[in-house]
Amino acid sequence: MSSSTDVLAVYRKEIKYLVTLPDRLYLLDALSQILTPDAYGGYNGYTVRSVYFDSIVNEDYCDKKEHKDQKKRVRLRVYDPDDKKAKFELKRKSFGRELKESVVITREDAIRILNRDYSALLNYDSDTARYGYDLMTTRLYRPVSLVEYDRRAFTHPNFNTRITMDNNLRYCDFCYDLFSHNLNFKSAMPKDETILEIKYDRFLFKQIQDVLSKCDLTRKPVSKFGSSRSLLKEFYY
């Protein structure tokens with residue numbers, strides 16, 4: 001068992017909007033003047049790729065479609081198909097607040113998990129990994145969708161503030177190869193639209209509130225998890 005597991009837990013409020021291209025361009029300029037671009041991607045941003053898992057009866061998808069107050073997501077995430085490590089993440093939402101727990105795992109263990117060998121999670125000295133193992137084995141989880149998008153992110157150390165703008169959302173049907181360079185993506189939303197996510201703890205800076213007030217924040221975005229599950233849409237509607 002690993003004795004130096006890299007684990008991160010973040011608990012904060014999350015709000016999502018769908019913004020137009022003019023608002024996106026405005027936000028990129030305005031936020032860069034009051035916040036810091038994410039150190040990982042810098043000014044030009046970065047790509048995010050995730051494989052989501054769900055139970056054999058699609059309970060996480062059903063909870064989302066039924067707008068349950070408590071929902072969860074289980075996923076593996078990388079930022080480049082050549083990454084030597086991946087993140088195993090549990091994301092739980094309860095009444096508008098979000099708890100995201102991440103465990104950094106090896107590429108080899110990520111491949112084992114994609115192949116439904118969840119015992120790979122027992123290599124890590126982490127309550128999150130142990131919970132993930134118990135959940136995924138007892139509820140018969142399996143990979144259900146692969147999504148990718150382009151992200152620009154801004155942060156501020158106070159109040160755990162993080163704002164992201166994701167566009168060019170795309171997904172694959174029946175392919176969960178997190179590390180492949182040759183994926184046949186389908187578009188999940190128009191390329192001139194952006195998913196704006198505002199995450200913070202306790203209080204959102206007034207400067208940020210002023211910037212956001214100049215945008216049309218009346219539209220709600222598609223779910224990255226839900227939009228990629230095209231086969232279930234017809235069944236549940």
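Is Ala120 buried or exposed, and at what relative accessibility? Select Ala120 in this predicted model, and you will be in the loop between H3 and H4. Ala120 counts as buried because its relative accessibility is 0%, and buried here means under 20%. If you show what surrounds Ala120, leaving aside its neighbours within four places in sequence, you will find it in contact with Asp109, Arg112 and Ile113. To gain a sense of distance before moving on, select Lys220 as well, which is 100 residues from Ala120 along the chain, and draw a line between the two C-alpha atoms, which are separated by 37 Å.

Keep Ile113 selected for the next stop, since this residue belongs to the largest nonpolar core, a set of 26 residues in which Phe53, Val74, Leu76, Phe88, Ile105, Ile113 and Met136 touch the most other members. The elements that give two or more residues to this core can be coloured one after another: strand S3 (46-54), strand S4 (70-78), strand S5 (85-94) and strand S6 (97-106), followed by helix H3 (107-114) and helix H4 (127-138). Apart from this core lies another, of 19 residues, and to find it you can select Tyr17, Leu35, Met165 and Val211, which are among its members.

Return now to Leu76 and display its contacts, again without the neighbours within four places in sequence; among them are Arg49, Val51, Phe53, Phe88, Ile105, Ala110, Ile113 and Leu178.

The next selection is Lys199, which lies in strand S10 (residues 194-200). How does a lysine in this strand count, buried or exposed? Lys199 counts as buried, because its relative accessibility is 5%. Its side chain and that of Glu197 are joined by a polar contact of 3.2 Å, and, when residues up to four places away in sequence are not counted, Lys199 touches Arg12, Lys13, Glu14, Asn160, Thr161 and Arg162.

Glu14 leads on to the last stop, the largest pocket, where Glu14, Lys16, Lys64, Lys71 and Lys93 are the closest to the centre of the 29 residues that line it. About 760 Å³ of space lies in this pocket. By class, its lining has 19 charged residues, seven nonpolar and three polar. To see where the lining comes from, colour strand S1 (7-19), S4, S5, S6, strand S7 (142-156), S10 and helix H6 (224-227), each of which supplies at least two of its residues.

Definitions and conventions: Residues are numbered from 1 along each chain as its sequence is written. This is a predicted model: local features need pLDDT of at least 70, side-chain atom pairs count only at pLDDT 80 or more; totals for chains, interfaces and linings use all residues. Side-chain values use heavy atoms; hydrogens and water are left out. A nonpolar core is a set of buried Ala, Val, Leu, Ile, Met, Phe, Trp, Tyr and Cys residues joined through side-chain atoms within 4.5 Å. Buried means under 20% relative accessible area, exposed over 50%, partly exposed in between (1.4 Å probe, protein chains only). Helices (H or I, at least four residues) and strands (E, at least two) are DSSP runs, numbered from the N terminus. Contact means heavy atoms within 4.5 Å. A polar contact is a pair of N or O atoms within 3.5 Å; within protein, one must be able to donate a hydrogen and the other to accept it, and residues adjacent in sequence count only if both atoms are side-chain atoms. On a 1 Å grid over the protein atoms alone, a cavity is a set of points where a 1.4 Å probe fits but cannot get out, and a pocket is an open set with protein on both sides within 12 Å along at least five of seven lines; lining residues have an atom within 4 Å of a point. Grid points are joined across faces, edges and corners, and a volume is the space filled by probe spheres set on the points. Ala, Val, Leu, Ile, Met, Phe, Trp, Tyr, Cys and Pro count as nonpolar, Asp, Glu, Lys and Arg as charged, and the others, Gly among them, as polar.
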